[in-house]
Amino acid sequence: MSIALRLNMTGMQAEPKDEALRYRAAIDMAAYAEQVGFDFINLEEHHCANNGWLPSPLIMAGMITARTERIRIGITALLVTLYDPIRLAEDIAILDLASNGRLTFVAGMGYRPDEYHAMDKSWQQRGKLMDEVVATLLAAWTGEPFEYKGKTLRVTPVPVSRPHPFFFIGGMSAAAARRAARFNLPFYPPMPRPDLDAIYYEELAKTGGEGFVYTPNAGNCMTFVDDDPESAWQELCPYLLNEMQEYASWKQDGIKRPSEDDVTSVEEVRASGRFEIITKAECVERMQDKNCTVVIHPLAGGIPLDRAWQLFKNFTDGVLPLLA
């Protein structure tokens, strides 16, 4: 069984002072999640989102690292093609050292041309950029000199994680599966794709490499605990719609992503399976399965802070003690 806290900061407030309170609450929630036994904090990266989707997951990871000691911090996904490769290697190395190896990430290239424009990167060259960034990260983290754009560099400091900080190659294409195998790295498609799994393992077999595929499956559903789920659906739906509609607005032809169906009502949100609202007793019963994954997302879409804390505590103080 694993328990994760999702912090993607959707639901940006109109007043920056109110948004500041949400960011501080998110870091407080991360610290409390560790205190009560959560396994993961999940962060994400998107840029120029109308609802404020977290654009700086490495900075957020650093703030959470400073408030925690044990809990793992994951970024799904880190859009590595939008960074300078050397600077990215340095930043992740420092986070790896400061967290004692608790940071993991999914290396992704994204699927929105607007993000590439905003970061002055070539959308047309994104595959080439991805190869260059991954190769640079792996070379930089050895701590040994290597050739970079015609000069020999040695990147410091060296991460504590050996042979390097743990990360996946993410993606939903055959090229992504082959890239993961070519770099001998685990593969992370965000939704089940047996066809890509087969390509990945076939490519691994050619090189004699070792690896695995991880798909979040149940991790794509976020859980809320409330004594009156029916009323909570009506109350929370505007915030859940905020998040789902922003994500759906980024759809690209020919690129299928999880949870990007157009939704406009409570019924459609419920039918999507993206969120669930269940009672404490139902949650306890669910978590008797040792293979269960529970993702708690109290700040989804701008849920007011008082209510977000109440939903969070419904799980941490109302469910977890019953499991013990």
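**Exercise 1. List what phenylalanine 105 touches beyond its sequence neighbours, then place this residue in a core.**

Step 1: skip residues up to four places away in sequence, and phenylalanine 105 touches Ile75, Leu78, Val80, Ile92, Leu137, Trp141, Phe166, Phe167 and Phe168; contact means heavy atoms within 4.5 Å.

A quick note on the model: it's predicted, so local features need pLDDT of at least 70 and side-chain atom pairs pLDDT 80 or more, while totals for chains, interfaces and linings use all residues. Numbering runs from 1 along each chain as its sequence is written, and side-chain values use heavy atoms, with hydrogens and water left out.

Step 2: Phe105 is listed with Phe38, Leu43 and Phe315 as having the most contacts inside the largest nonpolar core, which has 94 residues. Such a core is a set of buried (under 20% relative accessible area, 1.4 Å probe, protein chains only) Ala, Val, Leu, Ile, Met, Phe, Trp, Tyr and Cys residues joined through side-chain atoms within 4.5 Å.

Step 3: helix H8 (residues 229-248) gives this core its largest share, seven residues. Helices here are DSSP runs (H or I, at least four residues), and strands are E runs of at least two, numbered from the N terminus.

**Exercise 2. Work out whether histidine 47 is buried or exposed, and find its partners.**

Step 1: look in the loop between strand S2 (40-43) and helix H2 (57-67) for histidine 47.

Step 2: histidine 47 counts as buried because its relative accessibility is 8%.

Step 3: leaving aside neighbours within four places in sequence, histidine 47 is in contact with Pro55, Leu79, Leu82, Arg112, Glu115 and Met119.

Notes
Buried < 20%, exposed > 50% of the residue type's maximum accessible area, 1.4 Å probe, protein only.
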